[in-house]
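Thank you all for coming; I would like to walk through one model this morning, going from a few particular contacts out to the overall picture. Please have the viewer open while I talk.

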Amino acid sequence: MEDHRKKAIYFMLASGFAFALMSAAVKSVGELPVYEKVLARNVISLIVASLLIFTQKRKTRWFGQKKNQGLLLSRSLLGLAGVYLLFSAITAGLPLTDANILSRLNPVFVTLFAVFFLKEKTVRFHMPLLAGILLFAMLVIKPTFNLSVLPALAATGTAICAGGAYTLVRHLKGKEEPATIIFYFSALSVLAMLMPTLAHAVLPTPPQLLGLLAIGLTASAGQFGLTYAYKFAKASEVSIYSYSTILFALLLDLLLWGEMPDRWSAIGSIGIMACTLMLYWQNKKADRV
């Protein structure tokens, strides 16, 4: 069992590194339209999901059951919106560390959506810690009354969309195969991004083309890392290691662009991670009880 947990941690760390590389690849391709970047990310995910369904031994529906179409469509639209907002925030110049810490606020919204929509009961220590996470997030966002705050708000919107998407995935558990959910999301995303790309195509340079390929490959690698991590251990045991993405993004920002978070972003990031760690340990303690 301990060996399985170690494998899960390694896969989660590899996933965190892959997602940080994806963020760096998004930033590296520069001013290419966001829809082209999102298209590149999902084309490869669509290929991977198609291979998963095709090679599975038991029969898996490509587009799911008729009764689940509303849930699958809603999950896919939220997922697409989340990816688009994250890529928009990075393209607009938000530092990778800030973008990743704000996009990782999704546990707050998963908890809130689960309480309000799935009628799940919350534990007494959840709400104070979740409130603390949101307060520290304000230090990273640094609210202002001008347009400079929009990239940070877009990254926060990513977390809200991800929280809604994860809530719907939990609702679909046992109703649809994971490969079906991923394929549905990837297919819808490709169709949605293909139209603006064809209508307003910007021909990428060879380095940008490599960057687009890197976006798709690293996103798929990150997703595979998550999948195998959760295969070897419970989410409650290893999900905390997904925050390694923030540390990897910090290193990449420093090494590639010489950027460091400002004082308030650093304080906010440390506070968010501290509250998340407390939440993680309290949840583990509650599980043991």
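Let me begin with Glu259, which forms a salt bridge with Lys27, the closest N and O atoms being 2.9 Å apart. That contact links distant parts of the chain, since Glu259 sits in the loop between H11 and H12 while Lys27 belongs to helix H1, 232 residues apart. I should say at once that this is a predicted model, and every value I quote is computed from it.

What else does the side chain of Lys27 meet in a salt bridge? The partner is Asp253, with an N to O distance of 3.1 Å, and here again distant parts of the chain are linked, Lys27 in helix H1 (residues 2–28) and Asp253 in helix H11, 226 residues apart.

Are these partners buried or exposed? Lys27 has 16% relative accessibility, and because the cut-off for buried is under 20%, Lys27 counts as buried. Asp253 is buried too, with a relative accessible area of 1%, whereas Glu259, at 28%, counts as partly exposed.

The count of salt bridges comes to 3, and the one I have not yet described joins Asp262 to Lys142, with the closest N and O atoms 3.3 Å apart. Asp262 lies in the loop between H11 and H12 and Lys142 in the loop between H6 and H7, so this pair ties together parts that are 120 residues apart in sequence. Both ends are partly exposed, Asp262 at 36% relative accessibility and Lys142 at 28%. Salt bridges that share partners join Lys27, Asp253 and Glu259 into one network.

Lys142 also brings us to the second largest pocket, which holds about 170 Å³ of space. Of the 16 residues that line this pocket, Leu94, Pro95, Asp98, Val140 and Lys142 lie nearest its centre, and by class the lining has 9 nonpolar, 4 polar and 3 charged residues. Helix H6 (126–141) and helix H7 (150–172) each supply at least two residues of that lining. Asp98 is in turn one of the buried residues of H4, a helix spanning residues 96–103 in which 8 of 8 residues are buried.

As for enclosed space, a search of the whole structure finds 1 cavity of 30 Å³ or more, with a volume of about 30 Å³. Its lining is made up of Arg104, Leu105, Pro107, Val108, Ile133, Tyr243, Ile272 and Thr276, and the elements that give two or more residues to it are helix H5 (106–117) and helix H12 (263–288). That lining has 6 nonpolar, 1 polar and 1 charged residues.

Turning to the surface, Phe11, Leu52, Phe224 and Tyr228 form a nonpolar patch with about 310 Å² of accessible area together. Tyr228 lies in helix H9 and, at 34% relative accessibility, counts as partly exposed. Helix H9 (residues 206–232) also contains Leu210, which is exposed, with a relative accessible area of 59%. Leu210 and Ala25 are 185 residues apart in sequence, yet their C-alpha atoms are 9.0 Å apart in space.

Finally, the overall picture: the protein chain has 12 helices and 0 strands, and buried residues make up 48% of its 289 residues. I am happy to return to any of these contacts in the viewer.

Key. Residues numbered from 1 in each chain as written. Predicted model: local features only at pLDDT ≥ 70, side-chain atom pairs only at ≥ 80, totals over all residues. Heavy atoms only, no water. 1 Å grid on protein atoms, 1.4 Å probe; cavity = no way out; pocket = protein on both sides within 12 Å on 5 of 7 lines; lining within 4 Å. Points joined across faces, edges and corners; volume = space filled by probe spheres on them. Helix = DSSP H or I, 4+ residues; strand = E, 2+ residues; numbered from the N terminus. Nonpolar A, V, L, I, M, F, W, Y, C, P; charged D, E, K, R; others polar. Buried < 20%, exposed > 50% of the residue type's maximum accessible area, 1.4 Å probe, protein only. Patch = residues over 30% accessible without salt bridge, like charges linked within 9 Å, V, L, I, M, F, W, Y side chains within 5 Å. Areas by Shrake-Rupley, 256 points an atom, 1.4 Å probe, with all protein chains shown as cover. Salt bridge = Lys/Arg side-chain N within 4 Å of Asp/Glu carboxyl O.
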